Amino acid sequence: MKDLRIGKINLWLILVGFVVIIIGFLLMMGAPSGVEFNPDIFSTRRIVVAPMVLLAGFVFIIFAILYKHKNKKEENTK
């Protein structure tokens, strides 16, 4: 595990970001509209909340990739 470019903390943060993205897609899902018109496709949850959750998940994954954890050894050497 020492040879990885990203650390263990980064992998956990990326996993959390993927969970947030899955939650965003689940919020966007709903009952199929079928043949007749269903006004639920224009609900606030589907067109406002879910895309915001997805955007937050993608931004969090970018942060998780770029995050650099400072060890106590690194702080003492500076």
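Here are four short exercises on a predicted model, each with a worked solution.

**Exercise 1. Getting your bearings**

Work out how many helices and strands the protein has, and which element has the highest and which the lowest mean pLDDT.

*Solution.* Start by counting: there are 3 helices and 0 strands. Read from the N terminus, the elements go α-α-α. Next, look at confidence. The protein as a whole has a mean pLDDT of 86, with 85% of its residues at 70 or more. Now go element by element: helix α2 (residues 44-66) comes out highest with a mean of 96, while helix α3 (residues 72-77) comes out lowest with 61.

**Exercise 2. Inside and outside**

Find what percentage of the residues count as buried, and what share of the exposed area carbon and sulfur atoms supply.

*Solution.* Take burial to begin with. The cut-off for a buried residue is under 20% relative accessible area, and 17% of the 78 residues count as buried. Then turn to the surface: about 6,700 Å² is exposed, and carbon and sulfur atoms supply 70% of that. One more step deals with contacts. Take those between residues at least 6 apart in sequence; 61% of them join residues at least 24 apart.

**Exercise 3. A nonpolar patch**

Track down the residues that form a nonpolar patch on the surface, then decide whether F42 is buried or exposed.

*Solution.* The patch is formed by F37, I41, F42, I47, V48, V49 and M52. Together they have about 700 Å² of accessible area. Now zoom in on F42, which sits in the loop between α1 (8-28) and α2. Its relative accessible area is 54%. Exposed means over 50%, so F42 is exposed.

**Exercise 4. Rings that pair up**

Say which residues are linked into a cluster by ring pairs, and describe the geometry of the pairs F60 and F63, and F63 and Y67.

*Solution.* A pair of aromatic rings is described by the distance of the centres and the angle of the planes. Searching the whole structure turns up 3 aromatic pairs. One of them is F60 with F63: the centres are 6.0 Å apart, the planes are at 45°, and the pair is tilted. Both residues lie in helix α2, 3 residues apart, so about one helical turn separates them. Moving on, F63 and Y67 have ring centres 5.5 Å apart and planes at 50°, so this pair is tilted. Put together, ring pairs link F60, F63 and Y67 into a cluster.

To finish, check accessibility. F60 is partly exposed at 28%, F63 is partly exposed at 41%, and Y67 is partly exposed at 31%.

Methods:
Residues numbered from 1 in each chain as written. Predicted model: local features only at pLDDT ≥ 70, side-chain atom pairs only at ≥ 80, totals over all residues. Heavy atoms only, no water. pLDDT = per-residue confidence, 0-100. Helix = DSSP H or I, 4+ residues; strand = E, 2+ residues; numbered from the N terminus. Patch = residues over 30% accessible without salt bridge, like charges linked within 9 Å, V, L, I, M, F, W, Y side chains within 5 Å. Areas by Shrake-Rupley, 256 points an atom, 1.4 Å probe, with all protein chains shown as cover. Salt bridge = Lys/Arg side-chain N within 4 Å of Asp/Glu carboxyl O. Buried < 20%, exposed > 50% of the residue type's maximum accessible area, 1.4 Å probe, protein only. Contact = heavy atoms within 4.5 Å. Phe/Tyr/Trp six-rings, centres within 6.5 Å; stacked < 30°, edge-to-face > 60°.
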